[in-house]
Amino acid sequence: MDLAIVGLPFSGKTTVFKALMAGHGSASAAGRGEAIGSVKIPDERLQSLGVLVAAKKITPIEVVLHDLPALFERGAAPSGSAAEALGRADALIHVVREFERDDVPHPTGTIDADRDIGAFDAEMLLHDLGIIDRRLDKLDTTARTAKTAEGEAAQRESEMLKRAKTHLDAETPLRDVITDEGDIKALANFGLLTLKPMLILVNISESAVAERDAIEAEFRERRAKARTSVTALCARLEAELAELSPEEAKEFRDDMNAGEGATDHVLEAIREMLGLVTFFTAGDKDTRAWTIPNGATVLQAAGRIHTDIERGFIRAEVIAWDKLLELGSHNEARKAGQLRQEGRTYIVQEGDVINVLFNV
Ligand SMILES: Nc1nc2c(ncn2[C@@H]2O[C@H](COP(=O)(O)OP(=O)(O)O)[C@@H](O)[C@H]2O)c(=O)[nH]1
Ligand SMILES: [Mg+2]
């Protein structure tokens, strides 16, 4: 999973990157103002399962974050590795400035998060329109000059793109209107930014951390949609506290009424935004969290673990993670008749612990 951190200059993108990376990940510079880092998504369910089976190793889900240089400056299209990372990203984290700070000038002079979200959304819309127009031009030529089959395919693609263009012309981001999995797949390779799921991250002031939940709720009410999530964080505070010892950090948090787990909360929001289902394998060598698309079968889950396991699939033993914790072990669960035997078409549920029996 690749996520690109985007937003206006000085909204706090790099600070968010640092805050999320602290304690959870490792970063590397990718040059030209771009940084890449991989972050482990904390998951208490996974930790408890690891303890239960005395796992030697616990492997959480990881996502890759891209901190990109300023985009769309003076209307310029993204280029080079930033453009590539942006096009490939599975989702966007849109950082928006809500923090007050005199020594960091706002590009437009005042703090207005809603205006900024709109402004950056408009840039992304224009970017997508550019992609679609260029592609339509090409398809037009193909449709006129190619053989029938190819011409018909070009015609179909062209109709799909024209539908997308209608939405963009009406200033509607594609993520809000294109929700059919098939349509999303068909458009996936064009690198359309407004089609990607987006997490709006409201970057709040140090002085507002005590009201974090309320600010988040307020933005969520106005901004959250099916594929747009919302969260709030004081990025600078979190980035700075992450450099202190846990004791010192706790003292600061108490003083500021800051509460704990703000970055974990953002990482949770990322997981939600991706719309993925998490399942677990509880091995004593490695207890691990995995993700699959919502609605995927246990056979697909087996394929996530290993293609051999998918190929040799016999059946799967499945139990909900909390049921397993309650019963204490797979053996106890089996005795209690709670370890379900599922065939290949079973739809994996959030939090399932899965043991695939296979034969290769
Ligand atoms: N007070 C305050 N300053 C912040 C916060 N987040 C970022 N900044 C400051 O804003 C400036 C721009 O942040 P940066 O992360 O470099 O923004 P970018 O251009 O979006 O990458 C830096 O001086 C940060 O220290 C915040 O939550 N509170
Ligand atoms: Mg930056």
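Reader: Which helices each supply at least two residues of the shell around ligand 1?
Author: α1 (13-21) and α9 (235-241) do. Helices here are DSSP runs (H or I, at least four residues), strands likewise (E, at least two), numbered from the N terminus. This is a predicted model: local features need pLDDT of at least 70, side-chain atom pairs count only at pLDDT 80 or more, and totals for chains, interfaces and linings use all residues. Residues are numbered from 1 along each chain as its sequence is written, with chains lettered from A and ligands numbered from 1 in the order written.

Reader: Which residues come nearest to ligand 1?
Author: Gly 12, Lys 13, Thr 14, Thr 15 and Arg 236, of 17 around the ligand. A residue counts as near if its C-beta atom, placed from the backbone, lies within 6 Å.

Reader: And which element gives the largest share of that shell?
Author: α1, with three residues.

Reader: New topic. What about α8, which residues are buried?
Author: Arg 212, Glu 216 and Phe 219. Buried means 20 or more other C-beta atoms within 10 Å of the residue's own; exposed means 12 or fewer, partly exposed is in between, and C-beta atoms are placed from the backbone.

Reader: Why do they line one face of the helix?
Author: Down the axis of α8, the buried residues fall within an arc of 70°, so they line one face. The arc is that of the directions from the helix axis to the C-beta atoms.

Reader: What do they pack against?
Author: β7 (198-203), β8 (228-233) and α11 (262-273). Contact means C-beta atoms, placed from the backbone, within 7 Å.

Reader: Which residues are exposed on the other side of α8?
Author: Asp 213, Ala 214, Glu 221 and Arg 222.

How values were computed. Contact = placed C-beta atoms within 7 Å.
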